[in-house]
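Welcome! Here is a short, friendly briefing on some backbone details of a protein chain. Have a look at the sequence and the structure first, and then read on.

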Amino acid sequence: MRLIDSHCHFDFDDFGSDRSRVWERCRAAGVESLIIPGVSRPRWPALFELVRARPDWYAAVGLHPWWVAESEVEPDELQRDIAGQLAANACVAIGECGLDGAIAIPLEDQEPFFRAQLALACEVQLPLIVHACRCHGEMLQLLKEYRPQRGGVIHAFSGSEEIAREYWKLGFRLGAGGTITYERAAKTRRAFAALPLEAVLLESDAPDMPVQGRQGLRNSPEYLPLIAETLAELRGISPERVAEQTRRNTEQLFAL
(Lines give C-alpha, C1' and ligand atoms only; values in the text may rest on other atoms or scores of the structure.)
Protein backbone atom coordinates (compact mmCIF):
# COMPACT_ATOMS: atom_id res chain seq x y z
CA MET A 1 0.00 0.00 0.00
CA ARG A 2 1.01 3.60 -0.70
CA LEU A 3 -0.43 5.86 1.97
CA ILE A 4 -0.52 9.53 2.95
CA ASP A 5 -1.01 10.49 6.58
CA SER A 6 -3.27 13.52 6.26
CA HIS A 7 -2.85 14.62 9.89
CA CYS A 8 0.23 13.95 11.99
CA HIS A 9 1.88 16.14 14.64
CA PHE A 10 5.34 14.92 13.72
CA ASP A 11 6.79 18.23 14.89
CA PHE A 12 5.87 17.53 18.53
CA ASP A 13 8.59 16.85 21.07
CA ASP A 14 7.30 13.27 21.42
CA PHE A 15 9.31 12.51 18.26
CA GLY A 16 12.30 14.68 19.13
CA SER A 17 14.65 11.82 20.01
CA ASP A 18 13.88 9.36 17.20
CA ARG A 19 12.00 11.18 14.43
CA SER A 20 14.31 9.91 11.67
CA ARG A 21 14.09 6.31 12.81
CA VAL A 22 10.30 6.50 13.06
CA TRP A 23 10.13 7.92 9.55
CA GLU A 24 12.25 5.05 8.24
CA ARG A 25 9.70 2.63 9.71
CA CYS A 26 6.86 4.67 8.20
CA ARG A 27 8.41 4.45 4.75
CA ALA A 28 8.90 0.72 5.15
CA ALA A 29 5.21 0.42 6.06
CA GLY A 30 4.12 2.27 2.92
CA VAL A 31 3.53 5.75 4.36
CA GLU A 32 4.95 8.03 1.68
CA SER A 33 4.19 11.50 3.03
CA LEU A 34 2.71 13.47 5.93
CA ILE A 35 0.71 16.62 6.45
CA ILE A 36 1.73 18.34 9.68
CA PRO A 37 -0.77 20.92 10.95
CA GLY A 38 0.39 23.90 12.97
CA VAL A 39 -1.36 24.31 16.31
CA SER A 40 0.11 27.41 18.02
CA ARG A 41 2.14 30.48 17.12
CA PRO A 42 5.27 29.55 19.12
CA ARG A 43 5.43 26.18 17.33
CA TRP A 44 5.19 27.52 13.78
CA PRO A 45 8.90 28.35 13.19
CA ALA A 46 10.13 24.89 14.19
CA LEU A 47 7.42 23.27 12.07
CA PHE A 48 8.45 25.16 8.96
CA GLU A 49 12.12 24.44 9.58
CA LEU A 50 11.31 20.74 9.85
CA VAL A 51 9.21 20.64 6.70
CA ARG A 52 11.68 22.61 4.58
CA ALA A 53 14.16 19.77 5.03
CA ARG A 54 11.73 17.08 3.81
CA PRO A 55 9.97 17.28 0.42
CA ASP A 56 7.63 14.47 1.49
CA TRP A 57 6.34 16.42 4.54
CA TYR A 58 3.81 19.22 4.11
CA ALA A 59 2.87 22.02 6.50
CA ALA A 60 -0.38 23.72 7.44
CA VAL A 61 -0.59 26.76 9.70
CA GLY A 62 -3.28 27.55 12.24
CA LEU A 63 -4.32 28.05 15.84
CA HIS A 64 -5.88 25.04 17.56
CA PRO A 65 -8.67 25.86 20.04
CA TRP A 66 -6.66 24.28 22.88
CA TRP A 67 -4.04 27.02 22.45
CA VAL A 68 -6.43 29.98 22.16
CA ALA A 69 -6.02 31.03 25.80
CA GLU A 70 -2.24 31.37 25.48
CA SER A 71 -2.19 32.93 22.01
CA GLU A 72 -1.87 36.50 23.39
CA VAL A 73 -3.33 38.01 20.19
CA GLU A 74 -6.72 39.24 19.09
CA PRO A 75 -8.44 37.43 16.21
CA ASP A 76 -7.60 40.10 13.63
CA GLU A 77 -3.92 39.98 14.63
CA LEU A 78 -3.97 36.19 14.41
CA GLN A 79 -5.36 36.48 10.90
CA ARG A 80 -2.54 38.83 9.90
CA ASP A 81 0.04 36.53 11.50
CA ILE A 82 -1.22 33.50 9.57
CA ALA A 83 -1.36 35.49 6.34
CA GLY A 84 2.27 36.46 6.90
CA GLN A 85 3.26 32.86 7.46
CA LEU A 86 1.45 31.83 4.27
CA ALA A 87 3.36 34.47 2.33
CA ALA A 88 6.71 33.29 3.71
CA ASN A 89 6.23 29.52 3.73
CA ALA A 90 4.74 26.79 1.56
CA CYS A 91 1.49 25.65 3.20
CA VAL A 92 -1.16 23.27 1.90
CA ALA A 93 -3.94 24.32 4.31
CA ILE A 94 -5.02 26.54 7.18
CA GLY A 95 -5.28 24.59 10.42
CA GLU A 96 -5.50 22.90 12.71
CA CYS A 97 -8.29 25.21 13.77
CA GLY A 98 -11.86 24.89 14.94
CA LEU A 99 -14.01 24.54 18.06
CA ASP A 100 -13.92 22.23 21.06
CA GLY A 101 -16.91 21.91 23.36
CA ALA A 102 -15.02 19.65 25.78
CA ILE A 103 -12.49 22.18 27.09
CA ALA A 104 -12.76 24.95 29.69
CA ILE A 105 -12.63 27.79 27.16
CA PRO A 106 -16.26 28.63 26.23
CA LEU A 107 -17.19 28.16 22.58
CA GLU A 108 -18.10 31.85 22.32
CA ASP A 109 -14.50 32.72 23.24
CA GLN A 110 -13.08 30.25 20.72
CA GLU A 111 -15.36 31.26 17.87
CA PRO A 112 -13.79 34.63 16.92
CA PHE A 113 -10.41 32.93 16.37
CA PHE A 114 -11.98 30.25 14.23
CA ARG A 115 -13.93 32.85 12.26
CA ALA A 116 -10.67 34.70 11.55
CA GLN A 117 -9.14 31.54 10.12
CA LEU A 118 -12.30 30.64 8.19
CA ALA A 119 -12.40 34.08 6.59
CA LEU A 120 -8.71 33.87 5.66
CA ALA A 121 -9.17 30.43 4.09
CA CYS A 122 -11.93 31.90 1.93
CA GLU A 123 -9.73 34.85 0.99
CA VAL A 124 -6.59 32.93 0.06
CA GLN A 125 -8.42 29.88 -1.30
CA LEU A 126 -6.87 27.21 0.89
CA PRO A 127 -8.58 24.18 2.44
CA LEU A 128 -9.13 23.96 6.19
CA ILE A 129 -8.04 21.31 8.68
CA VAL A 130 -10.86 21.47 11.20
CA HIS A 131 -11.00 20.33 14.82
CA ALA A 132 -14.66 19.80 15.81
CA CYS A 133 -15.35 18.20 19.19
CA ARG A 134 -18.83 18.24 20.76
CA CYS A 135 -19.86 21.15 18.58
CA HIS A 136 -21.15 19.77 15.29
CA GLY A 137 -24.24 22.00 15.31
CA GLU A 138 -22.18 25.15 15.80
CA MET A 139 -19.54 23.99 13.33
CA LEU A 140 -22.02 23.20 10.57
CA GLN A 141 -23.67 26.59 11.07
CA LEU A 142 -20.35 28.41 10.65
CA LEU A 143 -19.32 26.40 7.60
CA LYS A 144 -22.68 27.12 5.97
CA GLU A 145 -22.22 30.81 6.74
CA TYR A 146 -18.74 31.07 5.18
CA ARG A 147 -18.93 28.31 2.53
CA PRO A 148 -15.15 28.02 2.00
CA GLN A 149 -14.69 27.17 -1.67
CA ARG A 150 -11.75 24.80 -1.15
CA GLY A 151 -13.54 22.93 1.66
CA GLY A 152 -11.28 20.93 3.91
CA VAL A 153 -11.33 17.98 6.29
CA ILE A 154 -13.07 17.38 9.60
CA HIS A 155 -10.16 15.90 11.48
CA ALA A 156 -10.70 12.83 13.71
CA PHE A 157 -14.38 12.63 12.83
CA SER A 158 -16.35 10.65 15.40
CA GLY A 159 -19.99 11.54 14.70
CA SER A 160 -22.89 9.87 12.98
CA GLU A 161 -23.36 9.09 9.30
CA GLU A 162 -26.00 11.84 9.08
CA ILE A 163 -23.61 14.49 10.42
CA ALA A 164 -20.80 13.22 8.19
CA ARG A 165 -22.99 13.59 5.12
CA GLU A 166 -23.80 17.18 6.11
CA TYR A 167 -20.10 17.96 6.12
CA TRP A 168 -19.58 16.14 2.82
CA LYS A 169 -22.34 18.24 1.21
CA LEU A 170 -20.40 21.35 2.25
CA GLY A 171 -17.23 20.08 0.56
CA PHE A 172 -15.55 18.71 3.67
CA ARG A 173 -14.00 15.28 3.82
CA LEU A 174 -13.83 13.21 7.02
CA GLY A 175 -10.62 12.07 8.69
CA ALA A 176 -10.57 8.39 9.68
CA GLY A 177 -8.10 7.60 12.45
CA GLY A 178 -7.42 5.17 15.22
CA THR A 179 -10.96 5.50 16.59
CA ILE A 180 -12.34 3.18 13.90
CA THR A 181 -10.10 0.33 15.11
CA TYR A 182 -12.14 0.13 18.35
CA GLU A 183 -15.25 -2.04 18.13
CA ARG A 184 -16.95 0.08 20.79
CA ALA A 185 -16.90 3.07 18.38
CA ALA A 186 -19.91 1.60 16.61
CA LYS A 187 -21.47 4.89 15.45
CA THR A 188 -18.24 6.14 13.89
CA ARG A 189 -17.49 2.77 12.29
CA ARG A 190 -20.96 2.74 10.73
CA ALA A 191 -20.42 6.23 9.37
CA PHE A 192 -17.12 5.35 7.68
CA ALA A 193 -18.59 2.11 6.33
CA ALA A 194 -21.43 4.02 4.65
CA LEU A 195 -19.80 7.21 3.38
CA PRO A 196 -18.57 7.49 -0.21
CA LEU A 197 -14.92 6.48 -0.15
CA GLU A 198 -14.19 9.75 -1.98
CA ALA A 199 -15.19 11.54 1.23
CA VAL A 200 -12.53 9.89 3.42
CA LEU A 201 -8.94 10.70 4.34
CA LEU A 202 -6.67 8.55 6.51
CA GLU A 203 -4.86 10.09 9.46
CA SER A 204 -2.85 8.99 12.47
CA ASP A 205 -3.04 12.17 14.61
CA ALA A 206 0.24 10.89 16.08
CA PRO A 207 1.39 11.06 18.81
CA ASP A 208 -2.28 10.88 19.90
CA MET A 209 -5.22 8.63 18.91
CA PRO A 210 -3.46 5.23 19.16
CA VAL A 211 -4.96 2.23 17.42
CA GLN A 212 -6.61 -0.66 19.26
CA GLY A 213 -4.04 -2.55 21.33
CA ARG A 214 -1.71 0.42 21.80
CA GLN A 215 -3.67 2.39 24.38
CA GLY A 216 -1.41 4.53 26.53
CA LEU A 217 1.48 4.33 24.05
CA ARG A 218 2.82 6.93 21.65
CA ASN A 219 1.01 6.76 18.35
CA SER A 220 2.95 6.87 15.10
CA PRO A 221 2.14 7.22 11.39
CA GLU A 222 3.75 3.80 10.92
CA TYR A 223 0.42 2.34 12.15
CA LEU A 224 -1.59 4.01 9.39
CA PRO A 225 -1.81 0.68 7.47
CA LEU A 226 -3.83 -0.74 10.39
CA ILE A 227 -6.37 2.05 9.94
CA ALA A 228 -6.52 1.38 6.20
CA GLU A 229 -7.03 -2.33 6.83
CA THR A 230 -9.79 -1.66 9.35
CA LEU A 231 -11.58 0.67 6.94
CA ALA A 232 -11.29 -1.97 4.23
CA GLU A 233 -12.85 -4.58 6.52
CA LEU A 234 -15.70 -2.24 7.46
CA ARG A 235 -16.45 -1.59 3.79
CA GLY A 236 -15.80 -5.09 2.44
CA ILE A 237 -13.13 -3.96 -0.02
CA SER A 238 -9.39 -4.44 -0.34
CA PRO A 239 -6.86 -2.40 1.66
CA GLU A 240 -5.22 -1.51 -1.64
CA ARG A 241 -8.47 0.07 -2.84
CA VAL A 242 -8.70 2.10 0.37
CA ALA A 243 -5.09 3.20 0.05
CA GLU A 244 -5.45 4.21 -3.59
CA GLN A 245 -8.64 6.24 -3.15
CA THR A 246 -7.72 7.94 0.12
CA ARG A 247 -4.33 8.87 -1.29
CA ARG A 248 -6.04 10.40 -4.31
CA ASN A 249 -8.50 12.24 -2.04
CA THR A 250 -5.65 13.74 -0.01
CA GLU A 251 -3.70 14.78 -3.10
CA GLN A 252 -6.77 16.46 -4.58
CA LEU A 253 -7.85 18.27 -1.41
CA PHE A 254 -4.43 19.68 -0.59
CA ALA A 255 -3.18 20.03 -4.18
CA LEU A 256 -0.09 17.94 -3.42
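The points below go through cis peptide bonds and positive phi angles. Please keep in mind that this is a predicted model.

**Cis peptide bonds**

- One cis peptide bond links Gly 95 to Glu 96, and its omega is about 25 degrees.
- To find this spot, look at strand β4, which covers residues 93–100 and contains Glu 96.
- Another cis peptide bond runs from Ala 206 to Pro 207, where omega is near 10 degrees.
- Pro 207 sits in a loop, with β8 (200–202) on one side and α8 (224–235) on the other.

**Positive phi angles outside glycine**

- Ala 156 is not a glycine, yet its phi is positive, at about 50 degrees.
- You can find Ala 156 in the loop between β6 (152–155) and α6 (161–169).
- Asp 205 is also a residue other than glycine with a positive phi, in this case near 55 degrees.
- Asp 205 belongs to the loop between β8 and α8, and Pro 207 of the cis bond has its place in the loop between β8 and α8 too.

**Buried or exposed?**

- Ala 156 has a relative accessibility of 23%, so it counts as partly exposed, a class that lies between 20% and 50%.
- Asp 205 has a relative accessible area of 8%, so it is buried, because buried means under 20%.

Definitions and conventions
Residues are numbered from 1 along each chain as its sequence is written. This is a predicted model: local features need pLDDT of at least 70, side-chain atom pairs count only at pLDDT 80 or more; totals for chains, interfaces and linings use all residues. Side-chain values use heavy atoms; hydrogens and water are left out. Helices (H or I, at least four residues) and strands (E, at least two) are DSSP runs, numbered from the N terminus. Buried means under 20% relative accessible area, exposed over 50%, partly exposed in between (1.4 Å probe, protein chains only).
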